[in-house]
Structures are given as C-alpha cells and as structure tokens.
Amino acid sequence: MILVTGMGVLAPNGMGVERFWDAVLAGRGGIAPLTRFDTSGSSARLAGQVADFDAGEHLPSRLLPQTDVSTRMALVAAQWALDDAKVDTATMTDYDMGVVTGNASGGFEFTHREFNKLWSLGSEHVSVYESFAWFYAVNTGQISIRHGMRGPSSALVAEQAGGLDAIGHARRTVRRGTPLVVTGGVDSALDPWGWASHLSSGGVSAATDPDRAYLPFDARAAGYVPGEGGAMLVVEDATAARARGVPKVHGEIAGYASTFDPPPGSGRPSGLRRAAELALADAGMTPGDIDVVFADASGIPDRDRDEAAAIEALFGPGGVPVTASKPLTGRLFSGAGPLDVVTALLAMRDSVIPPTARTSTLAEDYRIDLVLGAPRSATVGGALVLARGRWGFNSAVVVRAVSDRDLPRSES
C-alpha cells in the first residue's frame, strides 16, 4: 500500500493546502490580468499567477540566484509536504529517499533571461547556473540536494499529464523498495517567450473577464487560461510509514495508468478511457467504487467532448459526479494533476465535492453529472483523477481513502 502522508500546495488561488482548499470551496479564483510584462499587444491577457509568492521568505539566499521561479515554488511546496508528513530527513538514510517530479517547461523565465543577456551583452554576462537551471530535471535535482535524498529519482515530461505520470512513477519507485519519495509537479512559463509558447497552442482563451475566461464543459467554452504553480506530495510505503510513526495519512495512491492517443485523422477514439480503465484495474477497483472524477477539463470544446464521452462510456450517462477546479487556477501543466490529487484527498477528508468553478450551464451534448454551483456533500471513498497533455498524452490516477484499521501494524 502506497500512502500519501504529506502535501504542499502553491496555487494561484492559495499558498498552502488549507488556504487553497478554502478558496476552492468558496469559488475564489486566482486568474487575473498577467502582470509580469506588457501584454497590451497580446491576443490573451489573463493568467493564473501566484501573485504573493516571495521566495526569499522561504528559501536560503544562496538558492535564489541559481533557480527559476518554478524551481523555487517546487522547493517550497516540497518543504511544506515534508513538514506536513513530519519527516526529518536528517534522521533517515539518504538512499531510502527519492524524488520524482513532472515538468513541462523547465526553467523558462531563467533561461530566457540569460539568453537575452547572451544576445545583447555577450556570453560573459550569462549566469553559470544557466548550465542546469533551465533543465526539466532541475526541480528533482534541487529538492534531492536540499534534503539529502540520494535514492532513485526521476523527471517526467508529458505536458499536462506529466504530474500524474510523476506520481505513478513515484508509486512504482516505492514498490521497488525506496521507502519514501517526494513527488508532484510545478510549472511556470509566464515570461514573454513562455507566453508566446502558450499562445502558439491555439487553445488559450481570449476572454478578458476572469470569471468567464475558462468554462470547461460549458456551452460557451472557448479555451483555457494558462497558470503557474502546483503541488508536491510525500508518498511512502505503508509499513515504513507506520514504523516511523507517521502522524496522519491523507489517502492511498491505489492505481495509475497512462496511454497515448492514436494519430490525428485516424478516426480512432482518444486513449483517455483506456487510461482510466487501466488505472481502475491496477487499483483492483470497478467504476462503481469511484465517487467522483476530477476531470482534465481543457475548456476546448472538442477535447471536452472527447473527455465527457470517455467518462460516460466508463460510468454510464450521469453515472458519477464530475468536477474541475482548474477555472480557478488556470491550467498548471505538470502541476495540475498533483493539485487535483490533493483536491481529491481533501474531498475525501471533508466529505464534500467542490463544484466545477465558473461553469454554469452544461453543454447539451455532454451526458455527465457535472457538479455545478455549490459544493456537494458526499462520502468520497474513491476518486479518479484524469489528465491529458498535448501530443496525445493521457494519464489517470486512482486515490482511495484509508482508515487506521487498513494500515499495517508496526512490530514495536
């Protein structure tokens, strides 16, 4: 049994797990006009920014010159997750701890700043830290260095699906013998070059009203809003967690699977339903064991339609409550799936399903039970989290509630 024992969140609508959760239940969003640079000539101007984050308040000053904003967020979220799990890494064996993160952008803002120096001032002005601060694996590396975690570690790149892939691989790593792994995803690409990359997808909403910009499954859906941030988790082997006297357990990573879509124009369906089926099978569960689906919810009508059809095919018309809180934060790429896993675990804890933020009218051709308007009281024993990335990535994670009687007893 692979348990989630710690959680750390940095999201546009809340820093810290409880602040984020309060915002989700209250429908408070973090989407606003992008302020990092002048967007007056841009076709889209809204983003989910972690506006109040001051890395200097949380990290040693020596780390600031060598890290991108996304790495700083990942380091802080990882620290909060370890604090939540009451892990003292100094008392543990370094090779018994690993790090697995997802990343879609690398250190975008850092590397683009240094490239600008290279082009305008010359190579002697480029930071020596550019050699690694741009890299997709840098969050894994910096977390492992800071906490002395020398066990098996990895970085996964699968755009929006990468965060769930990281959690799935962390689970695999624990099963292979590493007692504790820090995992999750954090992304940020809200500098001018990063913004141009977002817009190149063709799926970014051009709306100017934050409350109407990102409306998944809505008849008025016209794209998504990019965001930054994410979540980090501590996952542990149940026996090892019990042996160290873990103070609490948030839930179990019960199942995971990933698939790829067929080539465009093939006429074959998306692989999302297959990913969900495989994750349920991996968990030893059936669709009837799932009490809520946290949807990828792209806000792009064709992709929303595909996802709604996959959910309907698996659960039946209106067969399971479906929700998404991304309209409050924007799409966080590798950070989105882990943040949804945190939200699912909190829904289990508090017996409530948050509503699909901002969406008010379900499009007529979507036959799903989309939770709208207000939180819905419900016992949540199992949740399915879905993620879809560009270029055909699909991932699914099943989380399950755990009671104290389910845990193995220590031998002390």
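Trainee: Why is S351 called partly exposed?

Mentor: This is a predicted model, and in it S351 has a relative accessibility of 33%. Buried means under 20% and exposed means over 50%, with partly exposed in between. The value of 33% falls in between, so S351 counts as partly exposed.

Trainee: Where does S351 lie, and what is its phi?

Mentor: S351 is in the loop between α12 and β12. Its phi is near 55°, a positive value in a residue other than glycine.

Trainee: Phi of W391 is also given as positive. What makes W391 exposed?

Mentor: Phi of W391 is near 70°, and W391 is not a glycine. Its relative accessible area is 66%. Exposed means over 50%, so W391 is exposed at 66%. W391 sits in the loop between β15 (382-389) and β16 (393-400).

Trainee: How do you know whether D291 is buried or exposed, or something in between?

Mentor: The relative accessible area of D291 is 27%. That value is neither under 20% nor over 50%, so D291 is partly exposed. D291 belongs to the loop between α9 (272-283) and β10 (292-294).

Trainee: What does D291 touch, and which backbone nitrogen does its side chain reach?

Mentor: Not counting residues up to four places away in sequence, D291 touches V320, P321, I353, T379, V380, G381 and G382. Its side chain reaches the backbone nitrogen of G381 at 2.7 Å. As for S360, the C-alpha atoms of D291 and S360 are 22 Å apart in space, with the two positions 69 residues apart in sequence numbering.

Trainee: Why does Q160 count as buried?

Mentor: Q160 has 0% relative accessibility. Buried means under 20%, so Q160 counts as buried. Q160 lies in the loop between β6 (154-156) and α6.

Trainee: What is Q160 in contact with?

Mentor: Leaving aside neighbours within four places in sequence, Q160 is in contact with D296, K326, R331, L332, F333, A336, A387, R388 and G389. In the case of F333, a polar atom of the Q160 side chain lies 3.1 Å from the backbone nitrogen of F333.

Trainee: What makes α6 and α12 roughly perpendicular?

Mentor: Helix α6 (residues 162-175) and helix α12 (residues 336-350) pack at an angle of about 65°, and their axes are 5 Å apart. Angles of 65 to 115 degrees count as roughly perpendicular. The angle of about 65° is therefore placed in that class, and α6 and α12 are roughly perpendicular to each other.

Trainee: Which residues meet there, and how do they divide by class?

Mentor: G163, L164 and I167 of α6 meet G337, P338 and V341 of α12. The residues of this contact divide into 4 nonpolar, 2 polar and no charged.

Trainee: Why is α3 called oblique to α7?

Mentor: Helix α3 (residues 108-120) and α7 pack at an angle of about 120°, with axes 8 Å apart. Roughly perpendicular ends at 115 degrees and roughly antiparallel needs over 145. An angle of about 120° fits neither, so α3 is oblique to α7. On the α3 side the contact is made by F108, H112, F115 and W119, and on the α7 side by W193, G194 and S197. By class, this contact has 4 nonpolar, 3 polar and no charged residues. Ring pairs also link F115, W119 and W193 into a cluster.

Trainee: How many aromatic pairs does the structure hold, and what makes the pair of F217 and Y366 edge-to-face?

Mentor: There are 6 aromatic pairs in the structure. For F217 and Y366, the ring centres are 5.8 Å apart and the planes stand at 90°. Planes over 60 degrees apart count as edge-to-face, so the pair at 90° is edge-to-face.

Trainee: Why is this pair said to tie together parts that are apart in sequence?

Mentor: F217 lies in the loop between α7 (192-199) and β8 (229-237), and Y366 in the loop between β12 (352-353) and β13 (369-370), so the pair ties together parts 149 residues apart in sequence.

Trainee: Are F217 and Y366 buried or exposed?

Mentor: F217 has a relative accessible area of 0%, and Y366 has 5%. Buried means under 20%, so F217 is buried and Y366 is buried.

Key
Residues numbered from 1 in each chain as written. Predicted model: local features only at pLDDT ≥ 70, side-chain atom pairs only at ≥ 80, totals over all residues. Heavy atoms only, no water. Axes fitted to C-alpha atoms, helices over the stretch in contact; angles between N-to-C directions. Helix = DSSP H or I, 4+ residues; strand = E, 2+ residues; numbered from the N terminus. Parallel < 35°, antiparallel > 145°, perpendicular 65-115°, else oblique. Contact = heavy atoms within 4.5 Å. Nonpolar A, V, L, I, M, F, W, Y, C, P; charged D, E, K, R; others polar. Buried < 20%, exposed > 50% of the residue type's maximum accessible area, 1.4 Å probe, protein only. Polar contact = N/O pair within 3.5 Å; in protein donor to acceptor, adjacent residues only side chain to side chain. Phe/Tyr/Trp six-rings, centres within 6.5 Å; stacked < 30°, edge-to-face > 60°.
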